[in-house]
Amino acid sequence: APSTGRSKNGYAFQEMELQDGGPEDCGQDSPVTHKGHIYDNQIQMSVSDPECPGFGLLNTTRKYVKPMNFQEEVRAHRDLDSFLAQASILLDEKATTLDEVLRRMLTHVVEDGHGSCDVDEVMNSLFTDAGGKEFNVHLLSETIQGVTATSTGIRYQQSWLCILSNVRSLQRRHVCIARLERPQNWGVNCCEARYVILILAPPRTKSTKTAIELGRTFATVFSDISFRQKLLEAKTQEEFKQELVYEQQQLSIVNKKPIVEEVEDSDPRRGKSLQCKDFFKAGKGVYDDFCCRLPLYPSDFTDGLTGKDRCLLKYTTTAIFLYIAILLPAIAFGSLNDESTRGAIDVQKTIVGQSIGGVIYALFAGSPLVIPLTTAPLAIFISVIRGICDDYDLDFDAFYACIGLWNSLFLILGGLFNVSLLMKLFKRSTEEVIALFISIAFVGDAVKGTVKIFKHFYHGPTLATTNSTLVLQQIKGILEKTKNQMGNTLGDHNETVSLMGHAEGHVLIFLPESLVLTTRERPILCLLLMLGTLWLGYALYLIKTSPYLNDRVREVVSDCALPISVVIFSFIGSYLFLDIQLPVFSVHDGTIFNFPPFEKLSGMNTLSAVGLGFLLALLIFIDQNIVISLTHVPEHKLLKGTAFHWDLMLTGFINILMSCLGLPWMHAAFPHSSLHARQLAKVEQHVENGHLYTTIVSVRETRLTSLVANILIGLSAFMLPIPLQWIPKPVLYGLFLYIAATSLDGNQMVDRMALLLKEQTSYPPTHYIRRVPQRKVHFFTGVQMVQLIILCAFGMYPLPYMKMVFPLLMILLVPVR
């Protein structure tokens, strides 16, 4: 630090604390103390000694300032109008220290002819040291900042700072606003400064025209987080003024009944307690959903495309992200269905079904940010159905469709009779346990796929197929050809594997590589591709918090992290290592749509499908409603409301279509829906007690991104087998790991589990740390972990029939909570 005691950025908080903390610091911070006299000062001088150089007394006064009421106080409008008439605005100021910024602002005021004053005199009045050499604590004399009283204490709005000063030489008031090019760290409670409002006023004036009153006006305007976000997008002073005018109008409008009040009536998570008679009001929930969402339906298409606040680039990057994030799981689960159903439901059908169901959901759902997908539990359910059909000699297409129709009937009845009101019983802790289980399931799928590759390729020569009949036929054919062509070598020696050794009376023959595999480089490359996809994707995802590039580029790169990672590592695996054959999904030729032959089922077969249809409906009901609830958490600040009942019915209608066409079922998927909301969010960062927090300012609730993504997925059906087969399976597994890693953000259970590994001094200042004893916090987390372990034990047990009762296990979490 400089010998004057000032820090580089104009504040000297730490220097002030050191002077108050111990006698040794008094000598160190003194501008006139030499090195040889430091120890004398430490022994002979106490910190309260007025003779100590640099010592001073600092009087601090804090008082609450009431925000300006633009609806009742006329002075607020006059202050803004006066500023707009003689605006002093600095955009993208490059100065980094507070002293430099204030000096530039004062110079700008003088140069614009808005006032004449001595810059040095005003600078002296802004700080506590007043230019004196005997007192070197360089602090702002008078400021206004936005604060919020929370259960953890006081949280400051650190992105703006209003500085006040009374200057004797001034005849009238002056206001200058500076928007900094980059956020600056100016000490405690001002770690992310982006806006500086400088208020100068003469000392003697009317009580309604003082510096504090003028500061109230501008501080009230800048306390709106969404307004500050809009100011960042203003490129000229005129646009900056227009945003001020618009914010003035918004503050002046008398508060009408907000949308949120209507939402509370239709949201089953809120409102009055659960009553049995609510389930007999048939259609009331769906009617309330329509009344809530239908008036806002046009804005779902126009928001972000019309008006001043356009965000076409954000929509484009989000649509690309969704395209990759939906397409690759569809390929992965389609490949799983292909293996379990022996081609009855393959990758092509999964992609087409995803496109059809996704487009319908994007157009008509009440929660357009929610993304429907065919998921791993549904794929397991389908494999169980295939096993039942094989055991009892049933037609798979017909039995599959019958179960799907029963399932859809239960879902539609659930929507009509308001069964989604049961979401009142699902608390946040239950939702967090299920969400974390889904993330773990993604990791489990990736690990199982990789282990399968290692088992198949790593340990010695293995047969390429498990079909023993096919192997024997090919070996028999090779032996017959060998018998007919004695002494001739079969195949290329470099591409064959020796089956029989040299021995007297035996013939050396070679099996083709299509039958025998003995390559260890494949599993190693697969492992590297999977981990590389995760590493690059997550590193690019976190680039938004780094200092590299500029804000716009960082945001675009972060939004496109997953597509960039998938494309790069698909290129590495399929082109750079062309000589290593990697596992890819298979593609079959045949009709996409198959209408089920119901005449092949007897009446008993149809009735037996009721139980399976009910279990499937239970699974979809829980997943659908929990995903909608996790997407519409208060932290996302979604304003258009939910439509639990209608969305459940719509899922039933979609699955009727899927069942009749022989396509895989679908429901709302986690974490794709939550990631979709975060992709469309505008955020602001703040620092609290050394921890960096990201606050969502607003989210664009649009249908366009999911609509465009699902249309592109439909077009991808024409990209089979090439170029989609160039995406190796390990890259799909890397995508699963990426989705699981990014879904952990915002999960409070994960944060509390991390506390078990931290020392207490490193605990973040969250509300539950301050309000709940730590023993109870850890006990509660432990109970959640036990529930999670039980879910994982049942959900990942290798016996398929065990997973059929998994929905019942999830419901048991409610009474446990």
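K241 and E238 stand 3 residues apart in helix α9 (residues 237-252), so about one helical turn separates them. Their side chains meet in a salt bridge, with 3.8 Å from N to O. The model in which this pair occurs is a predicted one. Its protein chain has 31 helices and 15 strands, and 50% of its 817 residues are buried.

**Overall architecture**

- Among contacts between residues at least 6 apart in sequence, 76% join residues at least 24 apart.
- The accessible surface of the protein chain amounts to about 39,500 Å². Carbon and sulfur atoms account for 60% of that surface.

**Salt bridges**

- Side chains of opposite charge can pair when their charged atoms come close. The count of salt bridges in this model comes to 24.
- In the α9 pair, E238 is partly exposed, with a relative accessible area of 48%.
- A pair with the same spacing in sequence occurs in helix α17 (residues 428-457), where K448 and D445 are 3 residues apart and thus separated by about one helical turn. The closest N and O atoms of K448 and D445 are 3.9 Å apart.
- R293, D300, D303, K640 and R703 are joined into one network by salt bridges that share partners.
- E93 and R104 also form a salt bridge through their side chains, at 3.1 Å from N to O. This pair links distant parts of the chain, with E93 in strand β1 (residues 89-93) and R104 in helix α5, 11 residues apart.
- The two partners of that bridge differ in exposure: E93 counts as buried because its relative accessibility is 5%, whereas R104, at 45%, counts as partly exposed.

**Helix α6 and its cover**

- Helix α6 (residues 119-126) has V119, V122, M123 and L126 as buried residues. Seen down the axis of α6, these buried residues fall within an arc of 100°, so they line one face of the helix.
- The elements covering the buried residues of α6 include α5 (98-111), β5 (160-166) and β7 (193-201).

**A long-range contact at L405**

- L405 belongs to helix α16 (residues 396-416) and, at 30% relative accessibility, counts as partly exposed.
- Beyond its neighbours within four places in sequence, L405 is in contact with F598, I656, S659 and C660.
- L405 and C660 are 255 residues apart along the chain, yet their C-alpha atoms are separated by 8.2 Å.

**Cysteines**

- The structure holds 0 disulfides. C191 is in none, and the nearest cysteine sulfur, that of C190, is 7.4 Å away. C191 is buried, with a relative accessible area of 17%.
- For C292, the closest cysteine sulfur is in C291, at 8.8 Å, which is too far for a bond. C292 is likewise buried, its relative accessible area being 6%.

**A nonpolar surface patch**

- On the surface, V786, I790, F794, V805, L808 and I811 form a nonpolar patch with about 450 Å² of accessible area together. Two elements, α29 (774-795) and α30 (806-811), give two or more residues to the patch.
- Helix α29 provides the largest share of the patch, 3 residues.
- V805 is in the loop between α29 and α30. At 36% relative accessibility, V805 counts as partly exposed.

Conventions. Residues are numbered from 1 along each chain as its sequence is written. This is a predicted model: local features need pLDDT of at least 70, side-chain atom pairs count only at pLDDT 80 or more; totals for chains, interfaces and linings use all residues. Side-chain values use heavy atoms; hydrogens and water are left out. Patches are made of residues with over 30% relative accessible area and no salt bridge: like charges are joined within 9 Å, nonpolar side chains (Val, Leu, Ile, Met, Phe, Trp, Tyr) within 5 Å. Accessible areas come from the Shrake-Rupley method with a 1.4 Å probe; for residues, only the protein chains shown count as cover. A salt bridge is a side-chain nitrogen of Lys or Arg within 4 Å of a carboxyl oxygen of Asp or Glu. Helices (H or I, at least four residues) and strands (E, at least two) are DSSP runs, numbered from the N terminus. Buried means under 20% relative accessible area, exposed over 50%, partly exposed in between (1.4 Å probe, protein chains only). A disulfide is a pair of cysteine sulfur atoms within 2.5 Å. Contact means heavy atoms within 4.5 Å. The arc is that of the directions from the helix axis to the C-beta atoms.
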